[in-house]
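This report follows how several helices pack in one chain, and then turns to individual residues and to the annotated spans. Please read it with the structure open alongside.

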Amino acid sequence: MDDCKYIDEFDLKDKGIDFMAIPTIQPGTTKIGWIGTGVMGASMVGHLMDAGFSATVYNRSKSKAEPLIQKGASWADSPKAVAEAADVIFSIVGFPTDVREVILGEDGALAGASEGKILVDMTTSDPSLAVEIAEAAQTKGVYSVDAPVSGGDVGAKNGTLSIMIGGDEAVVDALKPCWDAMGKTIVYQGEAGSGQHTKMVNQILIATNMIGVCEALLYGYKAGLDLPTVLQSVGSGAAGSWSLSNLGPRIMDNNFDPGFFVEHFIKDMGIALAEAKKMNLSLPGLALGHQLYMAVQAQGHGRDGTHALQLALASLSNVDWENRS
C-alpha cells in the first residue's frame, strides 16, 4: 500500500528497539488475550480455549464474558491489562473509534504490549487505522496484524469463518494454530491494511446481494408461493448465495436476531464508500444499499441482524412481513 510507510528496522535499532524473533505460537504455551466478547468474539475465543490456549479476556460489559470466565478464562480490567498478561492479543469490537480506544488509547493494548508481542485486530475497521496501528506498534517492537472476518455468528460458532489478513507474512504464518481454531478460509492478502480492504470487497458484495435476497422473498410471498419450497429450487442454482441459504430461512421465520448488527453493517458500508471516494470510484449499488439500511435503522432495527432489511423493503410495498398470513 502506498500509504504504508514502515519505519526501517535499522532506525529502530538506533533507538534501542530491536525486534525479537517471531514467537512460536502453540497451545499450552502461548497465552492469548481477547478484547471484545460479543456476538462473534465469545465464540472465537472459545474455540481458541478449546484448542488448548489459555486466555485472558476483557469486555466493556463483564457479564458478557462470564461464560468464558466460567470456562477457565482469566478476567482483566482493561485492554492494557490483557496485553500485559498475554503473548498474542486479539480484539474484535464495534467501530473504528472503539478500535482506536482499545488498542491505541491510554489503557489500550499497545500500552501494555512489550517487545515481541503480537496485536491482532479482527474488527472490520478503517484500512488507514490498521496502517496507523502497525506503524505505532513497530516503534515498540510489537507486531500488528489486521484480520477482519466474514461468516457472521454462524461462522463464529462453527469455527468456519473466512479470515482476511494483512500484515507481516511471517507473523501471519506463525499465527496458523490460532487461525485454524477459528476459521476455515484463511487467506493472506498483503501488508497492513490489506485485510481491511478485502473485507470492504466482501461487504460490497453482501450489500447488493441482501437486496436481491429480500426482494426475491417478498416477490415470492406476494405471488402466493410457499417460500421454503421456492428456496429448494433456487438455493442451489445460479441464484444461490450464503445469504440466501443461511439468512433466507431466518427471514421466513421472522427471526431477525443478529448474526451481524445492522448498525455495524452501516458502519462498514460507510467505510467502503469513503475508501471508494478516495479512489474516485462510483459505486451506486453500494450507495443504494447504504441508504436502505439507514431506513432499517431509522425504523428501530439497528441492533437486529442485517437480514432485517426485509422489514424495510416490505414496508415500501405496505406489506406487514412479520404478521403475514
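## Helix packing and residue environments

In this predicted model, Leu292, Tyr293, Val296, Gln299 and His301 of H15 meet Leu309, Leu311, Ala312, Leu313 and Ser315 of H16. Sorted by class, the contact between H15 and H16 has seven nonpolar residues, three polar ones and no charged residues. The two helices pack with their axes 9 Å apart and at an angle of about 95°, and H15 and H16 are therefore roughly perpendicular to each other.

H15, which spans residues 284-301, also packs against H14, residues 262-278, where the two axes come within 10 Å and cross at roughly 150°. Because angles over 145 degrees count as roughly antiparallel, H14 is described as roughly antiparallel to H15. The crossing of H14 and H15 is left-handed. On the H14 side the contact is made by Val262, Glu263, Phe265, Ile266, Met269, Gly270, Ala272 and Leu273, while H15 contributes Leu286, Ala287, Gly289, His290, Tyr293, Met294, Val296, Gln297 and His301. By class, this contact of H14 with H15 has eleven nonpolar, five polar and one charged residues.

H16 also appears in the surroundings of helix H13, residues 242-252, whose buried residues are Ser243, Leu244, Leu247, Gly248, Arg250, Ile251 and Met252. The elements that cover these buried residues of H13 include helix H8 (152-158), helix H11 (194-222), helix H12 (227-234) and H16.

Within H16 itself, which runs over residues 309-316, lies alanine 314, and at 0% relative accessibility alanine 314 counts as buried. Apart from residues up to four places away in sequence, alanine 314 touches Leu218, Val319 and Trp321. The C-alpha atom of alanine 314 is separated by 43 Å from that of serine 78, a residue 236 places away along the chain.

A second buried position is found in helix H2, residues 41-50, which holds serine 43. Serine 43 has a relative accessible area of 19%, and because buried means under 20%, serine 43 is classed as buried. When its neighbours within four places in sequence are left aside, serine 43 is in contact with Ala156 and Lys157.

Where do asparagines with a positive phi lie? Asparagine 254 follows H13 and has a positive phi near 55°. Asparagine 280 is in the loop between H14 and H15, and its phi is positive, near 60°. Asparagine 318 is placed in the segment after H16, with a positive phi of about 60° although this residue is not a glycine. As for accessibility, asparagine 280 counts as exposed at 73%, and asparagine 318 likewise counts as exposed, at 72%.

Two spans carry domain annotations from UniProt, both taken from an unreviewed entry: residues 31-190 are labelled "6-phosphogluconate dehydrogenase NADP-binding", and residues 193-309 are labelled "3-hydroxyisobutyrate dehydrogenase-like NAD-binding". The table gives the computed helix and strand content of each span, together with the separation of its end C-alpha atoms.

| Span | Helix | Strand | End C-alpha separation |
|---|---|---|---|
| Residues 31-190 | 42% helix | 26% strand | 26 Å |
| Residues 193-309 | 72% helix | 0% strand | 29 Å |

How values were computed: Residues numbered from 1 in each chain as written. Predicted model: local features only at pLDDT ≥ 70, side-chain atom pairs only at ≥ 80, totals over all residues. Heavy atoms only, no water. Axes fitted to C-alpha atoms, helices over the stretch in contact; angles between N-to-C directions. Helix = DSSP H or I, 4+ residues; strand = E, 2+ residues; numbered from the N terminus. Parallel < 35°, antiparallel > 145°, perpendicular 65-115°, else oblique. Left-handed = near helix turned anticlockwise from the far one by under 90°. Contact = heavy atoms within 4.5 Å. Nonpolar A, V, L, I, M, F, W, Y, C, P; charged D, E, K, R; others polar. UniProt positions renumbered as here; feature names shortened; annotations may be inferred. Buried < 20%, exposed > 50% of the residue type's maximum accessible area, 1.4 Å probe, protein only.
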